[in-house]
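Work through the exercises below with the structure open. Each task is followed by its solution.

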Amino acid sequence: MAKRPYTGYDATASGKRAGFETLIDLLEAHFGLWNNGTFGVRAKRGKSSMSVHATGRAGDLSWRGAPYRGTGNYDDAVKMMDWLEQHADALEIEAIFDYYPQPYGRGYKCDRDAFLVYDKRAFSGAPGGDWVHVEISNKYADDPQFYIDYFKEHLGDADVKPAPAKKTPKKPAGKDPWLQVGSKGDKVKEVQGIVGALVDGDYGPKTEQAVKAWQAEHDLHVDGIWGPGSEEHNKNCDHGEEPEVSSMPKYPGVPLKNGTRSDLVKLVQEKVGAKADGWFGPTTARKVRDWQKANGLVTDGVVGPRTWGAMFG
C-alpha cells in the first residue's frame with residue numbers, strides 16, 4: 001500500500017452522500033457494528049474547525065452491546081479495522097480512529113499508511129470510547145454501487161441496497177439550528193423539555209448531558225449538540241403513549257459516581273447487586289465495574305449515559 005494525501009474537511013455537503021452511507025451499511029452487515037452517526041454540520045468536539053462529518057465522508061460505527069445493536073465485543077471492531085486497513089487503497093479509506101485503547105486511542109491515516117498508538121490526547125472520547133471513526137476520500141463518496149460490488153467480491157453478498165443521497169434542511173433565515181453549550185432562549189427550553197433537563201433556557205453542561213443521553217437512547221450520533229439530525233428524529237418519532245418506556249427511570253443528566261447520594265443510586269445498586277442504601281461508595285463502584293465488564297462496557301465504575309442506558313433501556 002502507498003501513502004496518499006489526506007483530505008480532511010474540504011467543503012460542507014448538502015446532506016448524506018450515497019456512496020459513504022452504503023459503505024457504512026455494508027460494514028454494519030458484515031462486522032456487526034452499528035451506525036452511530038454520519039453526516040452532520042458541526043465543529044470538531046472542543047474546537048472551532050469544522051468536523052469531517054460535515055463533508056458527508058465520515059461516520060462512526062459502535063460495537064456497544066445491548067440494549068444497542070452491537071455485539072459488545074471490541075474484537076469485532078478490531079476485525080473491521082484490520083480489514084479496512086488491508087483494503088484501504090481500494091476503498092479510498094483516509095482515516096480510521098479507534099477510541100478504545102490505552103493510553104489515548106490509536107489512528108490510521110492514509111498519509112502515513114499505518115496505525116499509530118497515540119501517547120498524548122489526540123481526540124476526545126479516548127481511551128474507552130466504544131466506537132470507530134471512518135473517513136473516505138471524495139472518489140467513491142457518491143458511488144454506492146462501487147462499494148456493493150467490492151464487498152460482494154471480497155466478503156460475499158449482503159442484503160444491502162444502495163443508500164439514497166439525502167439533503168438536509170437548509171439553515172432557516174435568521175435562526176441558528178445548532179444548539180450547544182452556551183446557547184440560550186426559547187428553543188433551548190423546548191429542547192430541555194424534550195430531553196428531560198431543567199427548563200431554564202440556558203444550554204449548560206447538564207443540558208448537554210441530557211441531550212447525550214437522549215441521543216444514545218434514540219440510537220443517534222452522541223455529541224450533545226442539538227442539530228437537524230436530532231430535530232428531525234424528534235419530529236418523526238412516535239410520541240404516543242408507551243407506558244413501558246415512560247415507566248423506565250430517566251437518566252439524571254449527570255453521571256452517578258463515587259460520592260453520589262440519591263434514590264437513583266439505589267436503583268443502580270439493586271441492578272448490580274450492591275446494598276441499596278443510596279450511597280455510591282467504593283463497594284458500589286466495584287460492583288458497577290463488574291457489571292460493566294460483564295456487559296461489554298467501559299469498566300470505569302461510573303454510571304454515565306451509556307451504562308445507564310444499558311441498565312435501564
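**Exercise 1.** Find what tyrosine 147 touches, leaving out residues up to four places away in sequence.

Solution. Take contact as heavy atoms within 4.5 Å. Tyrosine 147 then touches Gly19, Leu23 and Leu26, and also Leu91, Ile136 and Tyr140. The model is predicted, so local features need pLDDT of at least 70 and side-chain atom pairs count only at pLDDT 80 or more, while totals for chains, interfaces and linings use all residues. Residues are numbered from 1 along each chain as its sequence is written, and side-chain values use heavy atoms, with hydrogens and water left out.

**Exercise 2.** Place Tyr147 in the largest nonpolar core.

Solution. A nonpolar core is a set of buried (under 20% relative accessible area, 1.4 Å probe, protein chains only) Ala, Val, Leu, Ile, Met, Phe, Trp, Tyr and Cys residues joined through side-chain atoms within 4.5 Å. The largest has 32 residues, and Tyr147 is among those with the most contacts inside it, along with Met80, Leu84, Leu91 and Ile93. Elements supplying at least two residues each include helix 1 (18–31), helix 2 (74–86) and helix 4 (144–155); helices are DSSP runs of H or I, at least four residues. A second, separate core of 17 residues includes Trp308 and Phe312.

**Exercise 3.** Describe the lining of the largest cavity.

Solution. A cavity is a set of points on a 1 Å grid over the protein atoms alone where a 1.4 Å probe fits but cannot get out; lining residues have an atom within 4 Å of a point. Volume is the space filled by probe spheres set on the points, which are joined across faces, edges and corners. The largest cavity holds about 40 Å³. Its lining includes Leu26, His30, Phe151 and Asp157. Helix 4 gives the most, with 3 residues.

Conventions: Buried < 20%, exposed > 50% of the residue type's maximum accessible area, 1.4 Å probe, protein only. 1 Å grid on protein atoms, 1.4 Å probe; cavity = no way out; pocket = protein on both sides within 12 Å on 5 of 7 lines; lining within 4 Å.
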